[in-house]
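Please open the structure in your viewer and keep the selection tool at hand, since this tour moves from one selection to the next and says what is found at each stop.

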Amino acid sequence: MVKVFGGVAVLRGVDLPVGEHSVVALIGGSGSGKSTLLRCASLLETVDDGQVLLDGEDVTDPRVDADQVRRRLGVVFQAYNLFPHLSVLDNVTLAPTVVHGRPKAEAVDEARTLLTRIGLADKAGEYPDRLSGGQQQRVAIARALAVRPRVLLLDEVTSALDPELVGEVLALVREVAAQGMTILMATHEMGFARQVADTVAFLSDGVVLESGPPAQVLGDPVQPRTRRFLSRVIDAGRL
Amino acid sequence: MTGGQPPGAGLPGSGLPGNDPRTRTSAGPAAAERHPVPPPSELELSRRAWRRARGRRSTVVALASTLLFAAVAYLVVTRAPGWPRVRTTFFSPTVAVEHLPEILVGLWLNLQVLVVGGVLVLVVGLLVALARTVRGPAFAPLRILATTYVDLFRGVPLIIVLYLVGFGLPALRLQGVPTSPFVLGTVAVVLTYGAYVAEVFRAGIESVHPSQRAAARSLGLSYRQSMRIVVLPQALRTVTPPLLNDFVALQKDVGLISVLGAVDAVRSAQIAVGQTFNFTPYVVAGLLFVLLAVPSARLADAVTARARRRQQAGGLL
């Protein structure tokens, strides 16, 4: 996959398989292309070369209906991006009813089950601005799960949170992963990536410099640049 | 990086074991309410006293300067050599009372234009704004048309639009073209204000953060669905104060349909002036328009203040 912004190749040929029921963590410094890769994978950006394959189908083919493809994806953003004019319940039921045409009552039932699962059943009627950042992000995850996605794409979902709220969001991601969801996530939480991911991919300068099991990539990286990145992360007290 | 680092030791984001999100109380807005407010300290009490004193002083200064200004204005006007003459020609109570009924009848016509025009302005403005924001090469003619319309009618003075529509359209003598000054006046007002309001709507639509569209599209909503369900409701909230401001402006501009010969408040006043050679009816009509505008202006203020409070609460992303 290749992505160019204004003559600068942000992604210069990324090849990254994400197996079903597996969790792939993208790590790398800012500007390494993690978010761009996720935006391309969720078809919020068009790729400039290469393919994104979903269940073997080339979804980057311009003849493919992008709206249809996005229905099979769940995306969670760094800044939550909940809809501020809709209640928590309406945020979660919006896509199932409007996009997937499920009956309202059924969607509401499912949403309440999801909200109970994330521990926010009592907040169903609240508006997002009444919730803490961690609660908002958990609602955003519930909103993404409500469409029963094939893949969950998480773009640094804890980067905007206070340290004390990070735990509750990661606990939810861990639970979702344990239930077999396929997840591709960009993250700065190395310890979390080590615990939850099946594969860690180190992105640098628009290529996957190295990828493999977390113990290997995070514990004993081959590439000097991965080593340098990780040692800086350690210096910052993040691993 | 040597590999000797204990895995995930003490890192903030590793999901501290036993930290179940369901049992945690998170620091929400309600957290502060559980503690009783401590009594204010000496320092705070002295600050409050100072603020109160300052507040009293500003009130006194404001009052004094207002009275002074009013007194000077009153003296300057009433001492003017022509004042007795002006008082009888512009502020004659008998003329005012005599002609108030017909001016009120005329004002009823203005109100009708205002209500019908106001609704149509909203419809035209929204449609044009949507046409200007729609993407895709297939919609290029629509975009160009909408942009041309806005450029044209924001630039031309309303009175010229009134002349062109009011006298030009009927002059074509086409079948079905209305000739009533009421209808033609409304059309002209809607054409001009539609262009203004379209820009207000467009600004509102573009003020909704792109991340909201990204979130909507990533859920599988189509362009139209995300516009209708996610972007427009948020945009409408933002544009309500400026729209009310435009409504206040529209209230007085509906008085301009008098140039087409419609017997509205302004035209009734003009007729009365012609009969009495006294300008008081104009003042009466003017005051009536002010009375009409004041409630809308206060409503606009209230809505703006509410929107600002809501934004300062920090909720609107």
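A residue is called buried when its relative accessible area is under 20%, exposed when that area is over 50%, and partly exposed in between. Please keep in mind throughout that the model you are looking at is predicted.

**First stop: aromatic rings in chain B**

Begin by selecting B:Phe279, which has a relative accessibility of 35% and therefore counts as partly exposed. Now add B:Phe90, which also counts as partly exposed, because its relative accessibility is 33%. A pair of aromatic rings is described by the distance of the centres and the angle of the planes. For B:Phe90 and B:Phe279 the centres are 5.2 Å apart and the planes stand at 15°, so the pair is stacked, planes under 30 degrees apart being counted in that way. If you follow the chain from one ring to the other, you will find that the pair links distant parts of chain B, since B:Phe90 belongs to helix α2 (residues 83–90) while B:Phe279 lies in the loop between α9 (265–276) and α10 (280–312), 189 residues apart. Select B:Tyr282 as well, and you have the three members of one aromatic cluster, B:Phe90, B:Phe279 and B:Tyr282.

Next, select B:Tyr149 and B:Phe153, whose ring centres are 5.2 Å apart and whose planes are at 45°, so that this pair is tilted. These two residues are four positions apart in helix α4 (residues 140–155) of chain B, which means that about one helical turn separates B:Tyr149 from B:Phe153. Are B:Tyr149 and B:Phe153 buried or exposed? Both B:Tyr149 and B:Phe153 are buried. Over all chains, the structure holds seven aromatic pairs.

**Second stop: a charge and two backbone angles in chain A**

Move to chain A and select A:Phe83 together with A:Arg143, where the charged end of A:Arg143 sits over the ring of A:Phe83, 4.6 Å from the ring centre.

The next two selections concern the backbone angle phi. Most residues other than glycine have a negative phi. A:Arg148, however, has a positive phi near 50° and is not a glycine. You will find A:Arg148 in the loop between α5 (133–145) and β7 (151–155) of chain A, and with a relative accessible area of 51% A:Arg148 is exposed. Further along, A:Glu156 is again not a glycine, yet its phi is positive at about 45°. A:Glu156 lies in the loop between β7 and α6 (163–178) of chain A, but A:Glu156 is buried, with a relative accessible area of 10%.

**Third stop: helix α6 of chain A**

Select α6(A), which has 16 residues and should span 22 Å at 1.5 Å a residue; its end C-alpha atoms are 23 Å apart, which agrees. Its buried residues include A:Leu165, A:Val169, A:Leu172 and A:Val176. To see what surrounds them, show β3 (23–27), α4 (104–117), α5, β7, β8 (182–186) and α7 (190–196) of chain A, against which the buried residues of α6(A) pack. Just after α6(A), A:Gly180 takes a positive phi of about 100°.

**Fourth stop: the strands of chain A**

Now select β8(A), where five of the five residues are buried, so this strand is largely enclosed by the rest of the structure. Look along the side chains of β8(A), and you will see A:Thr182, A:Leu184 and A:Ala186 pointing one way, with A:Ile183 and A:Met185 pointing the other way.

On adding β7(A) to the selection, you will see a strand that runs parallel to β8(A) and is joined to it by five bridges, with A:Leu153 having A:Leu184 as its bridge partner. Together, β7(A), α6(A) and β8(A) make a right-handed β-α-β unit.

Which strand is joined to β8(A) by four bridges? That strand is β3(A), which runs parallel to β8(A), and here A:Ala25 has A:Met185 as its bridge partner. β3(A) is mostly covered, with five of its five residues buried; A:Val23, A:Ala25 and A:Ile27 point one way from this strand, whereas A:Val24 and A:Leu26 point the other way.

Finish by selecting strand β9 (residues 199–204) of chain A, which pairs with β3(A) in the parallel sense over four bridges, and look for A:Phe202 in β9(A), opposite which A:Ile27 stands.

Note on methods. Residues are numbered from 1 along each chain as its sequence is written. Chains are lettered from A and ligands numbered from 1 in the order in which they are written. This is a predicted model: local features need pLDDT of at least 70, side-chain atom pairs count only at pLDDT 80 or more; totals for chains, interfaces and linings use all residues. Side-chain values use heavy atoms; hydrogens and water are left out. Rings of Phe, Tyr and Trp (its six-membered ring) pair if their centres lie within 6.5 Å; planes under 30 degrees apart count as stacked, over 60 as edge-to-face and the rest as tilted. Buried means under 20% relative accessible area, exposed over 50%, partly exposed in between (1.4 Å probe, protein chains only). A charge sits over a ring if NZ of Lys or CZ of Arg is within 6 Å of the ring centre and within 35 degrees of the ring normal. The expected span of a helix is 1.5 Å times one less than its number of residues. Contact means heavy atoms within 4.5 Å. Two strands pair if DSSP finds at least two bridges between them. A crossover is right-handed if, with the strands pointing away from the viewer, the path from the first strand over the helix to the second runs clockwise.
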